[in-house]
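Colleague: I am new to this structure. Please take me closely through one part, the place where the two chains meet.

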Amino acid sequence: MSTTDIILQQLANGLIMGSFYAMVALGYTMVYGIIKLLNFAHGDLYMVGGFVGFLILSAISSLLGESWTAIVCSMVLSMLAVGMLGVIIQRVAYRPMLTAPRLSILITALAVSMILSNGVMTITDGEYMAFNTDLGFDGLDFGNVFISYTQLALVISASVLMVILYLFVNKTLYGKAMRAIAIDQDACKLMGINVNKIIALTFFIGSSLAAAAGVMAGVYYGSLHFSMGFVIGLKAFTAAVIGGIGSIPGAMLGGLLLGLLEAFGTQIPFIGSEWKDVFSFGLLILLLILKPTGILGKTEIERM
Amino acid sequence: MTNSNIILELQNVETYYGKIHALRNISCTVNKGEIVTLLGANGAGKSTTLRTISALNRATAGKITFMGEDITSKQPHEIVNMGLIHVPEGRRIFKGMTIEENLELGSFTLRDDVERKRRMDHVFEIFPVLHERRSRDSAMLSGGEQQMLAMGRAMMTKPELLLLDEPSMGLAPFLVKEIMRIIVRLNKEGVTILLVEQNARVALQLASHGYVLETGKIVIKGDAETLRQDESIVKAYLGE
Ligand SMILES: Nc1ncnc2c1ncn2[C@@H]1O[C@H](COP(=O)(O)OP(=O)(O)OP(=O)(O)O)[C@@H](O)[C@H]1O
Ligand SMILES: [Mg+2]
């Protein structure tokens, strides 16, 4: 393989991983922006999303097979279901904690995370579940570089979802209200905005994006496991911090950047793919020391 | 003593911040079409009174009536939808968002885009400087312009009653005049105004009557003329 081939292949790998990270990081950053909560359960919603998508796909596969149509249907339904789950979690577990000291809500988030992952562990007996699709293995063959149509479709779907989110947040009144709540909640109340409703909407959107990523991961890896939310949660957090936590474009940028850095990091001599996680978390530590506000983040002083 | 002209009435309102008793037995009325002022030294409870009316703070006792309806236990956004808008201390504009976006958020509950445009044009007519900078980040505005944006944003809801908390704070004298001129204009357009001010002389020029607060209690009330002429009041309570 020539150097160009390696670069192209890693670019493709990096973009795929990066889209997953970005989609999960978005929910992380939106929730942080709006109620200053590091939602540790967010990675688990990605995992639950994968399983819900799998269940729906199994249910409808007799009708639609395991084609793209079926997968898109399962993804959309999983997004709705997990979006609702996110809203319920917010309502039941987080909202009563909003006035309590900050540490209480953080611990609540940890508890929610454990309930979700252990719940799914019990249901699945801790086994891997094969996520079967009949998408085939065709793709674009550039000699030494191969990109499957599945990979291509995943990156495109992720991009479409992110463009929709971007338009929603910047062009619609509800999206603007979401940004405004992150700036000043009381002022929003004085504009007649029902703050609780917008917070619920934020959880819905964030959770459904995580679910979409979970279903995509199932398609990409071909299997699901109850523990898959843990590492991606940490990675998404890293991505959100890289981009500047609280910033929506920052989460997209941070996710893609982290995916690419990991992909290329594995090519550095003596750093194989087994060092991938060390690489990204090392990056997180470095960033927290050098520029804790991230690339697109605002300084805390401005926020107050 | 029911008066259909009363737009806002507070009856024996009490408010606490934890254990701090911030408002004690506050009773006051505002009639439709009036400018009423609430005066007092720092920490007297002026902002708390406004925050209690708009439900950012909860009254623990007493009753607040707006346009004949009991609003004591309503949510802030419900009160806004009834036409009572609070422009808070410190302006609280959405920095990081453009002037246009700030104004749009002011009309959040409105679903009619044509009407939204009409209201925005009206705000731009009152505050031409906002029109010039409409696509700029509101954080770039000067203090006076931020105050104008905060008032413009409140006007987007087409309020019946406007609560203004120290709109002249930190502004140069010519800007204070400008803001006061606009308050009078809004009032002439039919908006009732409850004005909190430290600058008592200015406020008493506009208002028909006023209340003086001291450590959470109303200690003086009367028409503006009387308050203005009573030098001892001005000296004792209005910090001059
Ligand atoms: N968030 C708060 N927590 C605790 N106490 C508060 C809080 N806000 C105000 N207070 C107290 O309540 C009292 C009334 O405050 P308030 O802000 O209403 O005064 P004010 O008349 O608006 O003063 P200023 O002219 O300085 O704006 C003060 O004693 C103040 O210390
Ligand atoms: Mg005040």
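Modeller: What follows is a walk across the interface, then a short look at two other spots.

This is a predicted model, in which local features need pLDDT of at least 70, side-chain atom pairs count only at pLDDT 80 or more, and totals for chains, interfaces and linings use all residues. Residues are numbered from 1 along each chain as its sequence is written, chains are lettered from A and ligands numbered from 1 in the order in which they are written, and side-chain values use heavy atoms, with hydrogens and water left out.

Start with the contacts. On chain A, 19 residues touch 24 residues of chain B. Contact means heavy atoms within 4.5 Å. Together the two chains bury about 2100 Å², and 68% of that lies on carbon and sulfur atoms. Buried area is the accessible area (1.4 Å probe) that two parts lose on being put together, summed over both. Three residues stand out: Leu173(A), Leu190(A) and Met191(A) supply 36% of the area that chain A buries against chain B, more than any other three residues.

Now the charged and polar links. The rule finds 4 salt bridges across this interface. A salt bridge is a side-chain nitrogen of Lys or Arg within 4 Å of a carboxyl oxygen of Asp or Glu. One of them joins Arg179(A) to Glu101(B), with the closest N and O atoms 3.2 Å apart.

Next, the elements behind the chain A side. Helix 6 (173-183) and helix 7 (185-189) of chain A each supply at least two residues of the side that touches chain B. Helices are DSSP runs of H or I, at least four residues long, and strands are runs of E, at least two; both are numbered from the N terminus. Helix 6 of chain A gives the largest share, 7 residues. By class, this side of chain A has 11 nonpolar, 3 polar and 5 charged residues. Here Ala, Val, Leu, Ile, Met, Phe, Trp, Tyr, Cys and Pro count as nonpolar, Asp, Glu, Lys and Arg as charged, and the others, Gly among them, as polar.

Two more salt-bridge points complete the tour. Over all chains, the count comes to 18 salt bridges. Within chain B, the side chains of Asp121(B) and Lys117(B) meet in one, at 3.0 Å from N to O. Both residues lie in helix 4 (residues 113-126) of chain B. They sit 4 residues apart, about one turn of the helix.
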